[in-house]
Amino acid sequence: MSRILLVEDDAVLAEALTLALKALGHDVVVAPTGERALEALFTDRLDLEVVLLDVMLPGMDGFEVCRRIRARSRLPLVLLTARGDPIDIVAGLECGADDYVVKPAEPRVLDARIKAIGRRAVTAHGPSAGLLRVGRLEIDAGAMSVTRDGVELALTATEIRLLVEFAEHPNQVLSRQTLLKRVWDYGYVGDSRIVDAAVARLRAKIEDDAANPVVLKTVRGLGYRLVGP
């Protein structure tokens, strides 16, 4: 069972999702605003495992709430958005979200995403954790940190997991579906657009010129390949 913070201003939708997620075995705490969500996390200090965060909130929007959470915590966070536009996906990843789900959110899809996040948390510091080097990058999988020329990069947990997956399979083409399974632990419930958006954000942080990548290459029609070691 996961204890979830659901940040949703629509009372009817919040109640419906709460009932559905409780029926699937989760404990749900509801916050109707971003401000209340931050209070629950950092003032009330609720013991939580996942945040489900609506993008369109009154006052402080979901992107800003996400940024404020990420400034202080790596708590897994899934954005709930009414739009599946790639721009929104990139914006969500940029503010530090681990994933997104397009509304109306199917409870069983949310359940699958929450369980996948839980499995990733358990295996994040597993047997493969250790130091990996790719060119100017040094990846400490155990500490979940990446440095470039000795300077630590501001990568999200998802970006680090993605980079570790590439670094553990240098010069191999990894398909979007493979990355969804290995990095996000999603099968049929995953959306490959999140892979493209995550790769774009990762390139912006590890490449000299993200528009002309030399470390993380696109293999047209197949996926992505990290040039290494």
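Let me begin with D54, which counts as buried because its relative accessibility is 3%, under the 20% limit that defines the class. Please keep in mind throughout that what we are looking at is a predicted model. D54 sits in strand β3, residues 50–54, and UniProt, in an unreviewed entry, places the feature "modified residue: 4-aspartylphosphate" at D54. Which residues does D54 touch, if we leave aside its neighbours within four places in sequence? They are V7, E8, D9, G62, L80 and K103.

Two of those partners lead us to other parts of the chain. K103 is joined to P104 by a cis peptide bond, with omega at about 0°, and P104 belongs to the loop between β5 (99–102) and α5 (107–123). The other partner I would pick out is G62, a contact of D54, and helix α3 covers residues 62–70.

That brings me to the packing of helices, where, in general, a pair is described by the angle between the two axes and the distance between them. For helix α2, residues 34–42, and helix α3, the axes come within 10 Å and cross at roughly 15°. The two helices α2 and α3 are therefore roughly parallel to each other, since angles under 35 degrees are put in that class. As for handedness, α2 passes α3 in a right-handed crossing. On the α2 side the contact is made by G34, L38, L41 and F42, and these meet V65, R68 and I69 in α3. By character, the residues of this contact divide into five nonpolar, one polar and one charged.

The second pair I would like to show is α7, residues 176–184, with α8, residues 193–206. Here the axes come within 9 Å and cross at roughly 80°, which means that α7 is roughly perpendicular to α8. R176, L179, L180 and W184 supply the α7 side, while I194, V195, D196 and A198 supply the α8 side. This contact divides into six nonpolar residues, no polar ones and two charged ones.

Staying with α8 for a moment, A200 also lies in that helix, and with a relative accessible area of 39% A200 is partly exposed. A200 and A210 are ten residues apart along the chain, and their C-alpha atoms are separated by 7.6 Å.

How many of the eleven residues of helix α6, residues 157–167, are buried? The count is eleven of eleven, so α6 is largely enclosed by the rest of the structure. The buried residues of α6 include charged side chains as well as nonpolar ones, among them E159, R161 and E165 beside I160, L162 and F166.

Let me turn to two backbone details. M144, in the loop between β7 (137–140) and β8 (145–148), has a phi near 55°, a positive value in a residue other than glycine. D149, in the loop between β8 and β9 (151–152), likewise has a positive phi, near 55°. As for accessibility, M144 counts as buried at 8%, whereas D149 counts as partly exposed at 48%.

Finally, the chain as a whole. The protein chain has eight helices and twelve strands, and buried residues make up 50% of its 229 residues. Of the contacts between residues at least 6 apart in sequence, 58% join residues at least 24 apart.

Terms used. Residues numbered from 1 in each chain as written. Predicted model: local features only at pLDDT ≥ 70, side-chain atom pairs only at ≥ 80, totals over all residues. Heavy atoms only, no water. Axes fitted to C-alpha atoms, helices over the stretch in contact; angles between N-to-C directions. Helix = DSSP H or I, 4+ residues; strand = E, 2+ residues; numbered from the N terminus. Parallel < 35°, antiparallel > 145°, perpendicular 65-115°, else oblique. Left-handed = near helix turned anticlockwise from the far one by under 90°. Contact = heavy atoms within 4.5 Å. UniProt positions renumbered as here; feature names shortened; annotations may be inferred. Buried < 20%, exposed > 50% of the residue type's maximum accessible area, 1.4 Å probe, protein only.
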